[in-house]
Amino acid sequence: MNGPAGMRRPKVLVVDDDPGMLDVLGQFLRENRYEVELAHDGLEALQKVREAPPDLILLDVVMPRMDGIEVCQTLKSQKSTRLIPIVIVTGLTDLEDKVRGIEAGADDILHKPFHFVELGARVRSLVKVKRLNERLEDVENVLFALANAVEAKDAYTEEHTERVSRYAVALGRKVGLDRDYTEALCVGGMLHDVGKIGIPDHILLKPGKLSDKEFEHIKAHPIIGERICRPLRSLTYVLPGIRYHHERVDGRGYPDGLRGEEIPIEARILAIADAFDAMTADRPYRRGMSPKEAIEELRRYAGKQWDRDLVEELMGMLERGELDIRSRRIK
Ligand SMILES: [Fe+2]
């Protein structure tokens, strides 16, 4: 079956220095409706991947110029190519190759001599996983685009989300949070205000003071943001940061009025990073505060609005020059 019009055939890159092997594998894959590219050694393989990334690579280990393990390591260490599934094809007895292949990040190992039925099944399933991952990435990118669209409404908050991410990750690392948390802080920094897409412009962009009723609208944005991101299970870990980034440690924040450590630490960090950037950013009607002034302001409300220990930590980082505060300018 051809599949829907517009859905291209998956492309497999076969890499082997044995022309006979390339012939056999190439023919089998073409018969199974794959598009096929061939490479005779590791360097040629890397070049072909650069020119047109395939959907899967069948990779021999022992080859001239660059071996399969090195090719695998190179591709798995680069963001743009690490999602391409790699199947290492090796002799049954080469246990060492097998171990090195796994360590290099190969997605599967196929032993020679192999059965074509098995090869076909593995290729099919890995290509399917890759397509699903790509769709997931596409959906996440749509959310980032949405967050950027919110930011673009207010020209003076340009790059705000990136700076919030950067400050939050730096602070998170400083207090010893692990990679899962810093990832949540990074993505949370980008998406924390995505719910503002649901707030009418005349309220969101109003220059003067907001009425109580208007402020009620603004207060809905963490919940709207959480609702937008919740269907995407790959973003579950970011939801607490989005929902609780306007909570206050004295319990007078929104939307849930959580207190102190009831507020997840990633949300306490995002709140500080968000406020710090808002205070230091220049506006058309006023210059931003200096970082030092902003920290003083944060300290004034530490223990009420913001977590005292985290504010002190941020101050220490600033004093020691550990906080990257570039690009706080209006374009
Ligand atoms: Fe917000």
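Which residues does A273 touch, not counting residues up to four places away in sequence? Look for V164, Y167, A168, L171 and G189. Keep in mind as you explore that this is a predicted model.

A273 is a good place to start, since it belongs to the largest nonpolar core, a group of 37 residues. Along with A168 and I272, A273 touches the most other members of that core. Quite a few helices chip in: α5 (116–153), α6 (160–174), α7 (179–191), α11 (239–243), α12 (265–280), α13 (291–300) and α14 (308–319) each give at least two residues. Helix α12 supplies the largest share, with eight residues. Apart from this core there is another one, made of 27 residues, including V14, L56, C72 and L126. As a rule, nonpolar side chains in soluble globular proteins tend to be buried together.

Now let's stay with α12 for a moment and pick out I265, which lies in that helix. Is I265 buried or partly exposed? A residue needs 20 or more C-beta neighbours within 10 Å to be called buried. I265 has 18 inside that distance, so it counts as partly exposed. You can also find P240 in the picture: it sits 25 residues from I265 in sequence, yet the two C-alpha atoms are 9.2 Å apart in space.

Next, see how two helices meet. The axes of α6 and α14 come within 10 Å of each other and cross at roughly 100°. Angles from 65 to 115 degrees count as roughly perpendicular, so that is how α6 runs relative to α14. On the α6 side, the contact is made by A170, L171 and K174, while α14 brings L310, E313, L314 and M317. Sort the residues of this contact by type and you get five nonpolar, two charged and no polar.

Finally, turn to α4, which spans residues 95–103. Which of its residues are buried? They are D97, R100 and G101. Looking down the axis of α4, you'd see these buried residues fall within an arc of 105°, so they line one face of the helix. The general idea is handy here: an α-helix has 3.6 residues a turn, so residues three or four places apart point the same way. The buried residues of α4 pack against α3 (68–76), β4 (86–91) and β5 (108–112). On the face turned away from that buried side, you'll find the exposed residues L95, V99 and E103. After α4 comes G105, with a positive phi near 100°.

Notes: Residues numbered from 1 in each chain as written. Predicted model: local features only at pLDDT ≥ 70, side-chain atom pairs only at ≥ 80, totals over all residues. Core = buried A, V, L, I, M, F, W, Y, C linked by C-beta atoms within 7 Å. Buried ≥ 20, exposed ≤ 12 C-beta atoms within 10 Å, placed from the backbone. Helix = DSSP H or I, 4+ residues; strand = E, 2+ residues; numbered from the N terminus. Contact = placed C-beta atoms within 7 Å. Arc of directions from axis to C-beta. Axes fitted to C-alpha atoms, helices over the stretch in contact; angles between N-to-C directions. Parallel < 35°, antiparallel > 145°, perpendicular 65-115°, else oblique. Nonpolar A, V, L, I, M, F, W, Y, C, P; charged D, E, K, R; others polar.
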